[in-house]
Amino acid sequence: MCKVLAFLADGLEEVECLAVVDVLRRADIDVTLVSITGNKQVTGSHGITIVTDALYEETDPQEADLLFLPGGMPGTTNLKAYKQLGEALEEANRQGRRIAAICAAPSVLGSLGLLKGKTATCYPGYEEQLDGASCSQAGVITDGNITTARGLGYALDLGIELVRLFSGSEHAAKVKRAIQYER
């Protein structure tokens, strides 16, 4: 079974995280919500508190098939500042494991040099932080092992794309039908 770690920091965009996680779990993909704050309760940028499944210290990112970064501010800044997460992302990229980021969070990947030579998308205004990437206005882009999404309005699309990558187009279409998503 596919294993996903979704990393949460205070100030995250709640719906970007939870919509993607919801779609993945509906597809029977194992997702663990991971706090990088040292506290299982993480408060998003709109004051919604999420209780995570685990603290970063309780997980092993090497065992994950996908590392997922939701956006939001200052959540993205907090993710970028967490050194252990940066190291895990670099190692996952070296191994060719999947990485996904939405909204401002692709800037974390850009700061690590993981987007060099790739096409990526992000929330408008963060393009210059996607170091070495060819920036696109597309809602969701997969280039190699990295999938990026533009923002909250594309969270379901990102979830569906990740289901397609792990479980195939037919399974992704089944999930879309089940949630009445016709875009």
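## Exercises on a predicted model

Arg26 and Asp22 sit four residues apart in helix H1, about one turn of the helix. Keep in mind that this is a predicted model. Grab a pencil and let's work through it.

### Exercise 1: A pair within one helix

Task: find out how the side chains of Arg26 and Asp22 meet, and whether each residue is buried, exposed or partly exposed.

Solution:
- Step 1. Start with the chemistry: side chains of opposite charge can pair when their charged atoms come close.
- Step 2. Check the distance. From N to O, the side chains of Arg26 and Asp22 are 2.4 Å apart, and they form a salt bridge.
- Step 3. Turn to accessibility. Arg26 has a relative accessible area of 49%, so it is partly exposed. Asp22, at 35%, is also partly exposed.

### Exercise 2: Pairs that reach across the sequence

Task: work out which parts of the chain are tied together by the salt bridges Arg25 to Asp53 and Lys3 to Asp30.

Solution:
- Step 1. Take Arg25 and Asp53, whose side chains meet in a salt bridge at 3.0 Å, N to O. Arg25 belongs to helix H1 and Asp53 to the loop between strands S4 (49-51) and S5 (54-55), so this pair ties together parts 28 residues apart in sequence.
- Step 2. Add their accessibility: Arg25 is partly exposed at 39%, and Asp53 is partly exposed at 38%.
- Step 3. Now take Lys3 and Asp30, with a salt bridge of 4.0 Å, N to O. Lys3 is in strand S1 (residues 3-8) and Asp30 in strand S2 (residues 30-35), so the pair ties together parts 27 residues apart in sequence.
- Step 4. Lys3 is partly exposed at 23%, as is Asp30 at 30%.
- Step 5. Place these pairs in the full count, which comes to seven salt bridges.

### Exercise 3: A buried residue in H1

Task: decide whether Val23 is buried or exposed, and list what it touches beyond its sequence neighbours.

Solution:
- Step 1. Val23 lies in helix H1 (residues 14-26).
- Step 2. Its relative accessible area is 1%; buried means under 20%, so Val23 is buried.
- Step 3. Setting aside residues up to four places away in sequence, Val23 touches Leu156, Gly159, Ile160, Val163, Val175 and Ile179.
- Step 4. Look at one of these partners, Ile160: although 137 residues separate it from Val23 along the chain, their C-alpha atoms are 6.8 Å apart.

### Exercise 4: Backbone surprises

Task: describe the backbone at Met73 and Pro74, at Cys103 and at Gln180.

Solution:
- Step 1. Recall the background: most residues other than glycine have a negative phi, and most peptide bonds are trans.
- Step 2. Met73 and Pro74 are joined by a cis peptide bond, with omega about 10 degrees. Pro74 is in the loop between strand S6 (66-69) and helix H2.
- Step 3. Cys103, not a glycine, has a positive phi of about 70 degrees. Its place is the loop between strand S7 (98-102) and helix H4 (106-111), and it is buried at 10%.
- Step 4. Gln180 has a positive phi near 60 degrees. This residue lies in the segment after helix H6 (169-178) and is exposed at 61%.

### Exercise 5: The whole chain

Task: judge how compact the chain is for its length.

Solution:
- Step 1. Count the elements: six helices and eleven strands.
- Step 2. The radius of gyration is 15 Å, close to the 16 Å given by the globule rule for 183 residues, so the chain is as compact as a globular protein of that length.
- Step 3. Finish with burial: buried residues make up 51% of the 183 residues.

Note on methods:
Residues numbered from 1 in each chain as written. Predicted model: local features only at pLDDT ≥ 70, side-chain atom pairs only at ≥ 80, totals over all residues. Heavy atoms only, no water. Helix = DSSP H or I, 4+ residues; strand = E, 2+ residues; numbered from the N terminus. Rg over C-alpha atoms; globule rule 2.2 N^0.38 Å. Buried < 20%, exposed > 50% of the residue type's maximum accessible area, 1.4 Å probe, protein only. Contact = heavy atoms within 4.5 Å.
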